[in-house]
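Trainee: I should like a close look at a single part of the model, namely the pocket and the residues that form its wall. Please also state the cut-offs behind each term.

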Amino acid sequence: MKIVQALNGHTETQKPIWIMRQAGRYLPEYRALRKKTANFMHFCLNQEMVVEATLQPIVRFDFDAAIIFSDILVIPHFLGQNVHFKEGVGPILEHANWQELLQTPIHEDIHIIYESIKNVRRELDSQKALIGFVGCPWTIASYMISEGKTNNFEGLVALAKTWPLFDRLMEKLIAVISDHAVRQLKSGANVVQLFESWAAAVPVELQQKWLFEPTEQIIHQIQKQVPGASIIYYGKGIAQEAINNLQHLGVGFGVSQDTGLSTLKNTSVCLQGNLDPQKLLDGNFKGDVLNILEFSKDRPFIVNLGHGILPETPVSHVEEFIDLVRSQQ
């Protein structure tokens, strides 16, 4: 599996490629499948639909990895905080009974995700990696506390600093997220990616406490229970800081488009990224891709976007992107 090899430090000429949110709304076959249920969380927990959605981009593009179709917000959902998705708005989470939530174990129905992983692994080509994923504690906590996607991270940070239950929530999430990652790997995922989507909102003086220490605990738990596990950490907007703090753990690092790869030229860890999704949408990406391939020459690297693919992206642009990457190597 090319992605696993890259994460293990191999520097093959042909770099593996997949894209974040590759099973999604830019695909007409996904949109047709999605119409079969109005409730997005129900869609994420329907094993038959999850298998189909996960495999759609492999069938169409022959990516080097599939990523299980799910959502980082399955964690609050299975902790008892109801999650629903509103068109044009995004996720909305109900107000939580924090004392109850902090004492309640995660609901056993989360096993549906692990069954879906087993089913995908059975159908996926043995040379293709299957990626599982989890959100990191700060990012998931931000959704839970804000009851959705916040536009006021300054207010959220101020609240988290003084809220007496914040540390307990983070501890709870560290334990639950670690277990979720481990169970995905034990169910057949070959790689797990840790998403810290809102990393850049954390003030520098709190990055250790809210980002890197929780992530290190999670990685240690994964590595303890699944020795040799392949792990990618994606901290949007903080690639250099993440590498400085976590590279000793032997994981790969996703790089968002707001970090220039040239600033990371002295690192030897496996990197992943970092084409701007907007450029893929516009079709103005050839120069950027060639720069990525030049940078990644003679180093372990996974070609990807710097963030999730935008829903309006033409399928033809994705085909051109993949063809360009594979034709240059």
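**The pocket and its rings**

Mentor: Helix 2 contributes more to the lining of the largest pocket than any other element, with 3 residues. Helices (H or I, at least four residues) and strands (E, at least two) are DSSP runs, numbered from the N terminus. The model is predicted, with local features requiring pLDDT of at least 70 and side-chain atom pairs pLDDT 80 or more, whereas totals for chains, interfaces and linings use all residues. Residues are numbered from 1 along each chain as its sequence is written, and side-chain values use heavy atoms, leaving out hydrogens and water.

At least two lining residues come from each of helix 2 (28-34), strand 2 (83-86), strand 3 (90-93) and helix 13 (277-282). The largest pocket (on a 1 Å grid over the protein atoms alone, an open set of points where a 1.4 Å probe fits, with protein on both sides within 12 Å along at least five of seven lines) has a volume of about 1500 Å³. Its lining (residues with an atom within 4 Å of a point) comprises 45 residues, and those nearest the centre are Arg21, Arg25, Phe40, Asp71 and Phe85.

Phe40 and Phe85 also belong to a cluster that ring pairs build together with Tyr30, Phe43 and Phe69. Rings of Phe, Tyr and Trp (its six-membered ring) pair if their centres lie within 6.5 Å; planes under 30 degrees apart are stacked, over 60 edge-to-face and the rest tilted. The structure holds 18 aromatic pairs. One of them joins Phe40 to Phe69 in an edge-to-face arrangement, 6.0 Å centre to centre and with 70 degrees between the planes. This pair bridges distant parts of the chain, since 29 residues separate Phe40 in helix 3 (residues 40-44) from Phe69 in the loop between strand 1 (65-67) and helix 5 (74-78). Phe40 and Phe69 are both buried, that is, under 20% relative accessible area with a 1.4 Å probe and protein chains only.

Within the cluster, Phe43 has a charged partner as well: the charged end of Arg34 sits over the Phe43 ring, 5.6 Å from its centre. The criterion is that NZ of Lys or CZ of Arg lies within 6 Å of the ring centre and within 35 degrees of the ring normal. Arg299 provides another such case, its charged end sitting over the ring of Phe295 at 4.2 Å from the centre.

Key
Grid points are joined across faces, edges and corners, and a volume is the space filled by probe spheres set on the points. Buried means under 20% relative accessible area, exposed over 50%, partly exposed in between (1.4 Å probe, protein chains only).
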